[in-house]
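User: I'd like a close look at the aromatic side chains in this model, please. Start with charges over rings, go on to the ring pairs, and then set them against the rest of the fold.

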Amino acid sequence: MSNPLHSLFLGPKGENEQLLKELLDSALQTHLHWRRTYHPEDPSPIAAGGSPTPAASAERVELRRHFASLLLQLQRSVPFFSGRYNGHMLSEQTIAGQAGYFAAMLYNPNNVSGEVAPVTTRLEEEVAHLLAEMIGYDPTRCWGHLTSGGTIANFEALWIARNVFYHPVAASLAARSLGVDVSVSLPDGSVAMLGELDLWPLLNIRPDSSLDLWEKLWLAAPRPAVENALRSHSLATLGYQDYNMQLAAEFGDPLPAGVVLAAGTAHYSWAKIVAALGVGSNQLVFVPVEAKCRMDPDALWREIESLTSRRIPIMACVSTCGTTEQGAVDDLQRILEVRARAERELGVTFHIHSDACYGGYAASLTRAPDGSRHTAARLREICGGAHWPTDQWARSIRALESADSVSIDPHKLGYVPYPAGAFLLKDRRGRELVATDPPYLALTTSRENGDAPVIGRFIFEGSKPGASTAATWLSHKTTPLNSAGHGRIIASTMKAARDLYALLGSSDFSPFRVIRVSQPDLNIVCFLLHHPSLDTLSALNALNETIYRELSPNAEMSAPYMITRTRLTSPAYDGAIRPLLSSLGKDGESYQKDIAEGLTVLRATVMNPFSVDANPDYLLGLTDAVRRAAISFLGESFGGRQLVREQANIQREVDVTEAGLFRVSRTGIQVGSDTGEKR
Ligand SMILES: *Cc1c(COP(=O)(O)O)cnc(C)c1O
């Protein structure tokens with residue numbers, strides 16, 4: 001196999017069947033051995049050798065019948081393994097992920113606690129450690145665990161951020177009730193006594209200073225009394241309504257609603273999360289994006305100034321590393337700098353969370369096998385790009401280490417089976433603010449080699465599969481999270497996406513014109529097709545919706561290629577939409593007035609590990625399929641003589657294509673024999 005990545009996956013034709021079979025078989029064999037050697041003296045309740053009862057036989061027949069039906073139905077699944085699929089954020093899974101999942105699934109461990117998953121809870125700690133190392137968190141200070149996905153990881157981030165944000169208020173009231181006072185560091189570097197602060201400075205304490213208050217109170221008063229006082233004044237105990245009344249009584253000031261800042265590109269999970277946590281969707285404030293769909297740091301600064309002038313505190317700012325729509329990587333370093341400036345100049349601070357659900361694994365590319373960090377120049381060498389990855393990209397990925405929390409989905413660019421998200425918290429003490437003691441789980445289980453973790457105490461979920469932990473663990477152990485391991489998959493798919501981007505730019509789509517959103521920061525390419533006769537934005541959107549319909553999974557899976565589409569909404573995406581429309585010249589100007597409708601763009605997630613340097617060339621095939629899909633729109637929706645004529649011409653070309661005489665190449669459309677060979 002020429003491409004070393006090819007041995008990591010089962011392969012589109014099941015090329016690595018033997019390896020997977022061997023691994024699954026040894027999982028089953030060792031599992032059987034485990035059962036048989038557990039109290040071997042116990043007799044078997046299932047009579048050996050005897051023939052099954054008629055009822056049991058009938059049940060087996062039923063099982064086989066329904067199983068056959070299940071297997072048949074599953075054949076109608078979406079073929080994520082194929083280079084023809086460039087739709088949502090999923091693709092092949094590593095063989096290690098599949099085998100690890102299957103092996104652990106036989107034991108059915110529940111990673112809520114070491115009591116019911118002594119092995120896989122430890123593996124979960126190890127996985128969290130590997131991910132933390134990859135992004136650059138200090139393993140002695142941080143904490144992390146796996147979740148069912150990014151939504152829950154993001155939820156936990158805001159759950160903790162919110163409780164840390166209100167903690168100084170609870171600490172102040174607790175100190176007052178205990179008759180003590182302690183010092184607290186303010187964001188501008190000065191130190192004050194907690195009892196002197198009114199609500200505004202209490203809601204602008206850095207997360208680490210907020211958490212320090214705990215230990216300070218323990219030193220000032222007996223610990224159980226401190227815990228009780230803190231609990232009785234916490235938002236978690238009182239709920240927003242009573243909390244508000246208490247604050248109005250104690251501070252003569254009701255609680256100003258804290259806001260969460262996020263870019264217009266933020267994943268929709270944030271809308272769910274602010275609603276679920278009682279923060280309220282009115283308090284989710286969108287920061288504009290710039291042309292490359294990254295959060296605009298200058299706009300962020302202006303928003304902070306404006307909120308501060310209205311005395312509205314900021315609970316958290318969510319930055320995205322790999323937006324769901326375009327894979328855009330926010331300039332996190334600059335966002336951190338904006339916060340530092342706000343601390344210095346305005347005395348304002350907040351928690352910064354990086355939603356790296358999609359892009360977090362890009363950090364594996366930035367790590368050398370010895371754990372050190374590659375320079376941007378070295379990254380360009382590794383990726384074979386003259387100008388890519390940029391210094392800014394490298395700096396943005398590196399800045400993950402300075403975010404207060406990070407979410408990363410192993411079930412996306414980690415290439416392992418669902419469900420696997422991850423939540424990482426820089427200062428582990430924050431988890432205590434959401435801890436709940438489950439009455440029926442031992443808080444620690446005594447074991448020879450230390451206590452098995454009770455993950456359930458600190459997380460939102462309860463029961464959760466140890467199997468997905470095993471999958472993630474085995475995959476990352478086999479293919480380490482550095483540039484010589486997992487980073488190769490990331491580099492390869494980023495290259496494929498850039499190839500597709502270039503190909504779209506150089507191909508002839510006439511009578512259409514292709515407009516590309518921006519060079520991909522990761523491996524998602526967004527673009528749209530335009531035709532000069534489309535005089536309204538809704539007609540333009542309809543064209544791209546048609547292309548999407550032609551190129552999306554249907555019941556027969558007959559689409560030649562599969563991509564997705566998304567709507568760039570206004571005003572969230574105005575910073576990106578307006579320049580795109582302007583690039584259309586005077587046509588674009590007429591669309592601007594309908595911008596409230598939003599702009600439909602086609603979206604190709606180039607995650608498949610076999611897309612780069614593939615034979616046949618899937619990127620070329622996809623480009624061709626897009627053009628054909630657009631042509632089918634001509635027949636569907638246009639009147640007008642010119643278009644009919646164009647359509648007739650094109651139809652002729654397409655007919656020729658079907659006869660195998662026509663193809664799109666990287667230098668335009670060529671007529672010739674389509675042997676399926678590489679360009
Ligand atoms: C996918 C995604 C999420 C949500 O993750 P799930 O695993 O689907 O719950 C959150 N944020 C971003 C940026 C994502 O891409």
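Analyst: Happy to. A charge counts as sitting over a ring if NZ of Lys or CZ of Arg is within 6 Å of the ring centre and within 35 degrees of the ring normal. Please keep in mind throughout that this is a predicted model.

With that in hand, look at Tyr501: the charged end of Arg516 sits over its ring, 4.0 Å from the centre. A second case involves Arg84, which lies over the face of Tyr561 at 4.9 Å from the ring centre.

Now for rings that meet other rings. Such a pair is described by how far apart the centres are and by the angle of the planes. Searching the whole structure turns up 14 aromatic pairs. Phe80 and Tyr85 make one of them, with an edge-to-face arrangement of 5.0 Å between centres and 80° between planes. Are these two partners buried or exposed? Phe80 is partly exposed at 25% relative accessible area, while Tyr85, at 5%, is buried. The cut-off for buried is under 20%, so Tyr85 with its 5% falls in that class.

Tyr166 and Tyr240 also form an edge-to-face pair, with centres 6.2 Å apart and planes at 85°. Which parts of the chain does this pair link? Tyr166 belongs to helix α5 (residues 150–178) and Tyr240 to helix α9 (residues 235–251), so the contact joins distant parts of the chain, 74 residues apart. Tyr166 is buried, at 3% relative accessibility, whereas Tyr240 is partly exposed at 26%. Ring pairs also bring in further neighbours: Phe165, Tyr166, Tyr240 and Tyr243 are linked into a cluster.

Links between distant parts of the chain also show up in the overall contacts. Of the contacts between residues at least 6 apart in sequence, 74% join residues at least 24 apart. The chain has 679 residues, and 54% of them are buried. Its secondary structure comes to 22 helices and 15 strands. The accessible surface is about 29,300 Å², with 54% of that belonging to carbon and sulfur atoms.

Next, the sheet. Seven strands form an open sheet in the order β1-β9-β8-β7-β6-β4-β5, and the pairing is mixed. The edges are β1 (143–147) and β5 (284–287); each has a single partner strand, so one side of each has no neighbour in the sheet. From one strand to the next, the twist averages 20°.

Let's walk inward from the β5 edge. Strand β4 (residues 259–263) pairs with β5 in the parallel sense over four bridges, and an aromatic residue appears here: Phe286 in β5 stands opposite Ala262. On the other side, β4 and β6 are also parallel, again over four bridges. Ala262 has Val318 as its bridge partner in β6. Moving on, β6 and strand β7 (residues 351–355) pair in parallel over five bridges, and Cys317 has Ile352 as its bridge partner in β7. How enclosed is β6? Seven of its seven residues are buried, so the rest of the structure largely encloses it.

Helix α11 (residues 297–309) lies across β4, β5 and β6 (314–320), and runs at about 165° to β4. In the loop leading from β5 to α11 you will find Cys293. Its phi is near 70°, a positive value in a residue other than glycine, and at 0% relative accessibility it counts as buried. Met557 also has a positive phi without being a glycine, at about 55°. That residue lies in the loop between α18 (537–550) and β12 (564–568) and is partly exposed, at 25% relative accessibility.

Finally, two aromatic residues take part in cis peptide bonds. Trp388 is joined to Pro389 by a cis bond with omega near -5°, and Pro389 sits in the loop between α14 (376–383) and α15 (391–398). Tyr418 and Pro419 are joined by a cis bond too, with omega about -10°. Pro419 brings us back to the sheet strands, as its loop lies between β8 (405–408) and β9 (421–425).

Definitions and conventions:
Residues are numbered from 1 along each chain as its sequence is written. Side-chain values use heavy atoms; hydrogens and water are left out. Rings of Phe, Tyr and Trp (its six-membered ring) pair if their centres lie within 6.5 Å; planes under 30 degrees apart count as stacked, over 60 as edge-to-face and the rest as tilted. Buried means under 20% relative accessible area, exposed over 50%, partly exposed in between (1.4 Å probe, protein chains only). Helices (H or I, at least four residues) and strands (E, at least two) are DSSP runs, numbered from the N terminus. Two strands pair if DSSP finds at least two bridges between them. Axes are lines fitted to C-alpha atoms, for helices over the stretch in contact, and angles run from 0 to 180 degrees between N-to-C directions. Contact means heavy atoms within 4.5 Å. Accessible areas come from the Shrake-Rupley method with a 1.4 Å probe; for residues, only the protein chains shown count as cover.
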